[in-house]
Amino acid sequence: MLGGHRLCVTGEATADRLMEIDGMAVFAVEEGEADTIVYVDCNLTMPECRWVYEFDFPDAGCRCRYGEGKDGLGVFTFGDEEFLLFDSRRPDRVEVTTVEDLTRLRFMLWMAVALTGAFHKMTLIHSSTVVYGGCGVLFLGESGTGKSTHTRLWLKHIEGARLLNDDSPLIGISAAGEVMVWGSPWSGKTPCYRQEGYPVAAIVRLEQRPENAIRRLSVLEAFGALQPSCPPALAHSEVMIDRIVGLISDVLLRVPVYRLGCLPDRDAAMLSFRTVFQRDGKEG
């Protein structure tokens, strides 16, 4: 169960190995009707496509590519022979070749969720996320800007704060129209796997600065703060970008977005906390 949606992974060999991956067992639920099915161990032929995005994946020792074929077909490769196919006309399914390496298998599922989630008004977002008072706060930023450091400062100095996910939670719109953040099996270098979801109180984009200062962003600025933290391949996809833009727009209508220039210290954590929750007194 991911983001309130049932995802079924089925195949003769690969599906059984998912439970060997850290965190996956937390999100396992009893069998039921699936919203999305990922068919693995498929005998697929690489279609003709136009490659629009590629990057190195050092942890799995391969280069990945995303391409688009005819009639809304998306192709994502993991090295030379392993790949998945996603047909936007049938967004409830993904087809995947056999994936031997567990790191690649983990990322394959991440990509499958990224592609199909956009059709369920949700996406994975590069964020370190804390929960306080029954609400989630997402901290965004480029790698190395101190997202994990800032959330650790919240956990240390703000009583009642706890970590939901430290790398790739899911953000989306619930059936009731509320912006939600959910835990996921992808939490970076900090193992934190929680099958939980919370309304989003705010989103904060971090920047390293010589002093602490925070301000609320305009809608246009806020869009620029969120979009780079969504799955990067989708920004290059003619099929997917409209979905992501629509989702971000829905989020911005409901949730404040801030930019925090900060030092890695307690005062920065208290400043963001008081701003998000409109607290004047000292905490922690």
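Select Gly117 to start. In this predicted model, Gly117 is buried, because its relative accessibility is 1% and the cut-off for buried is under 20%. Now colour residues 102-117. That is helix H1, and Gly117 lies in it.

Next, add Leu170 to the selection. Gly117 and Leu170 are separated by 53 residues in sequence. In space, their C-alpha atoms are 8.9 Å apart.

**The largest cavity**

Keep Gly117 selected and turn to the cavities. How many cavities of 30 Å³ or more are there? The count is three. The largest has a volume of about 70 Å³.

Gly117 is one of the residues lining this largest cavity. Select the others too: Leu2, His5, Arg6, Leu7, Thr36, Val113, Thr116, His120 and Met122. Which element gives the most to this lining? Helix H1 does, with three residues. By type, the lining of the largest cavity divides into four nonpolar residues, five polar and one charged.

**The strands**

Move on to strand S2, residues 36-39. Thr36, from the lining of the largest cavity, is a handy place to pick up the trail. Show strand S7, residues 93-96, alongside S2. S2 and S7 pair in the parallel sense, over three bridges. Pick Val38 and look across to S7: its bridge partner there is Val94.

Now show strand S6, residues 82-87. S6 and S7 run antiparallel, joined by two bridges. Select Leu85 and then Glu95 in S7, which is the bridge partner of Leu85. Last stop: the stretch linking S6 and S7. These two strands form a hairpin, with five residues between them.

Technical notes: Residues are numbered from 1 along each chain as its sequence is written. This is a predicted model: local features need pLDDT of at least 70, side-chain atom pairs count only at pLDDT 80 or more; totals for chains, interfaces and linings use all residues. Side-chain values use heavy atoms; hydrogens and water are left out. Helices (H or I, at least four residues) and strands (E, at least two) are DSSP runs, numbered from the N terminus. Buried means under 20% relative accessible area, exposed over 50%, partly exposed in between (1.4 Å probe, protein chains only). On a 1 Å grid over the protein atoms alone, a cavity is a set of points where a 1.4 Å probe fits but cannot get out, and a pocket is an open set with protein on both sides within 12 Å along at least five of seven lines; lining residues have an atom within 4 Å of a point. Grid points are joined across faces, edges and corners, and a volume is the space filled by probe spheres set on the points. Ala, Val, Leu, Ile, Met, Phe, Trp, Tyr, Cys and Pro count as nonpolar, Asp, Glu, Lys and Arg as charged, and the others, Gly among them, as polar. Two strands pair if DSSP finds at least two bridges between them.
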